[in-house]
Amino acid sequence: MTLTDQQQINSIFQNQKSFFATRKTQSVSFRIEQLKQFRAVFVKHTDAICDALMEDLGKNRKEAEYAEVQLVLDELDYCIANIEEWAQPVEVPSKPRPGGENVVSKLTRQPFGVTYIIGPFNYPVQLTFSPLIGALMTGNTVILKPSENTPTVSKVIASMIAEAFQPEYVAVVQGGIEENTLLLTFPFDYIFFTGSANVGKIIMAAAAKQLIPLTLELGGKSPCIVHRDADLDLAAKRISTGKWANCGQTCVAPDYVYVHEEVKGALISKIKSYLKETYQDQSLGKIGKIVSRKQVENLAGYIAAAPEKLVYGGGYALESRYFEATLMDDVNWEDAVMQQEIFGPILPFLSYSNIDEALNEINGRPKPLALYVFSENQAFADDVLNRTSSGDAEINSTLIHVGSHFLPFGGVGASGFGKYHGKFSFETFSHLRAVLQIKK
Ligand code: NAD
């Protein structure tokens with residue numbers, strides 16, 4: 001990074017501080033107007049977004065429209081329709097005063113100021129723009145840093161933002177570690193990070209130095225428990241759609257399946273049939289690309305460490321960053337594939353005879369971002385949820401909760417903290433300020 005780049009980044013930050021101080025963003029109608037303007041620019045660039053997603057990640061048009069474009073539009077429309085109501089102060093009861101004075105107590109919401117949003121590569125549009133909507137609807141200014149690992153998408157994001165907003169209100173800084181390290185020295189009023197736990201630690205340490213409040217949206221190994229009474233056809237289909245969306249590069253993808261030993265064989269054979277039907281043509285543009293050659297090598301390493309456990313797929317091509325949908329059976333916790341979040345199209349199977357064993361193993365590890373349970377017995381599913389902890393959870397489905405703006409989304413413990421989407425974004429990106437007044 002040149003000195004000029006550094007000076008430019010610094011001046012964006014200083015200009016945003018000054019712009020926030022004008023209090024223009026305090027106006028709810030200003031926020032709505034800006035979000036509507038952004039919506040128009042976003043719609044205009046839908047083709048460019050989808051083309052860039054194909055270029056960087058081999059994401060097919062259907063998936064790009066569903067999991068990136070439509071989610072942003074839904075979030076925009078829902079938030080634009082509700083900002084006015086969410087921004088209203090809420091009067092709450094007051095404790096009586098000894099002198100009997102009239103006390104009024106209110107909950108008010110204030111923007112933090114200049115916020116910093118750091119995005120990951122895997123859903124590079126949705127995961128930078130959903131937090132952006134949250135930050136803007138609450139009256140903040142934003143510096144966005146999209147991932148350097150999706151350079152075509154980042155360019156499209158930068159040009160859309162430049163078209164929709166003045167840089168003293170919203171600006172994009174493109175770059176990687178160097179730019180991020182510099183930005184993390186600035187006294188932001190809020191940081192919103194989506195990415196890996198390892199980088200999350202760096203972000204949190206930098207924020208701690210200046211006591212900057214933050215949200216960490218991290219990942220982890222999200223388990224998928226399949227009990228012996230599960231509807232196996234449904235489980236096979238929904239596990240497959242959740243696992244192989246975006247080539248397994250989804251933060252809430254089922255990382256591994258923990259299945260009752262009596263139904264493991266049947267489940268694996270149903271998933272194989274589903275894969276043959278759905279991903280028969282596993283060419284690029286159908287299943288997507290792995291983000292980097294390095295990650296293709298990591299994934300190949302999991303298979304090379306236990307080749308006898310490979311029961312389906314396993315093929316890959318370094319140059320095109322292609323990796324087949326892959327199943328590994330009889331996996332145990334010592335296997336390389338179980339040592340970290342897989343973040344790719346390999347699905348390992350572990351089995352249990354008694355659910356207590358499975359839950360003990362899960363509970364002995366860092367808290368995952370999502371936990372899925374497949375069972376036709378509501379009491380069993382409820383019991384699994386009661387005895388485990390995860391950012392969020394689903395019964396008899398995978399991934400769907402992330403797309404609902406009525407539900408808060410986020411992690412717990414090692415999978416992060418802070419929730420967003422819809423009204424929860426309003427809460428995350430604003431400071432809840434209690435105001436008490438004794439009236440004469
Ligand atoms: P990453 O942590 O490698 O990168 C995220 C961001 O951090 C990028 O913008 C990158 O430039 C920056 N960065 C990387 N290394 C850095 C360093 N040393 N110092 C400062 N900044 C640095 O994550 P990724 O590979 O883009 O995304 C995959 C990870 O993100 C997975 O762990 C996944 O589970 C997680 N994720 C979480 C969510 C969620 O909503 N919770 C969503 C998507 C991805």
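**View 1. A nonpolar patch on the surface, built by Val90, Leu107 and Leu432.** Together, these three residues make a nonpolar surface patch of about 230 Å². This is a predicted model, in which local features need pLDDT of at least 70, side-chain atom pairs count only at pLDDT 80 or more, and totals for chains, interfaces and linings use all residues. Residues are numbered from 1 along each chain as its sequence is written, and side-chain values use heavy atoms, with hydrogens and water left out. A patch takes residues with over 30% relative accessible area and no salt bridge, joining like charges within 9 Å and nonpolar side chains (Val, Leu, Ile, Met, Phe, Trp, Tyr) within 5 Å. Areas come from the Shrake-Rupley method with a 1.4 Å probe, and for residues only the protein chains shown count as cover. A salt bridge puts a side-chain nitrogen of Lys or Arg within 4 Å of a carboxyl oxygen of Asp or Glu.

Val90 sits in strand E1, residues 90-92 (strands are DSSP runs of E, at least two residues; helices are runs of H or I, at least four; both are numbered from the N terminus). Val90 counts as partly exposed because its relative accessibility is 45% (buried is under 20%, exposed over 50%, partly exposed in between, with a 1.4 Å probe and protein chains only).

**View 2. Arginine 23, in the loop between helices H1 and H2.** H1 covers 3-21 and H2 covers 28-44. Arginine 23 isn't a glycine, yet its phi is positive, about 70°. With a relative accessible area of 55%, arginine 23 is exposed.

**View 3. Helix H2 passing helix H4.** The axes of H2 and H4 (residues 61-87) come within 10 Å and cross at roughly 170°. Axes here are lines fitted to C-alpha atoms, for helices over the stretch in contact, with angles from 0 to 180 degrees between N-to-C directions. So H2 and H4 are roughly antiparallel (over 145 degrees; under 35 is roughly parallel, 65 to 115 roughly perpendicular, the rest oblique). The crossing is left-handed, meaning the near helix is turned anticlockwise from the far one by less than a right angle; clockwise would be right-handed.

**View 4. Helix H3 crossing H4.** H3 spans residues 46-57, and its axis comes within 10 Å of that of H4, at roughly 115°. That makes H3 roughly perpendicular to H4. Their crossing is right-handed.

**View 5. Cysteine 224 in strand E8.** E8 runs over residues 223-226. Cysteine 224 is buried, at 0% relative accessibility.
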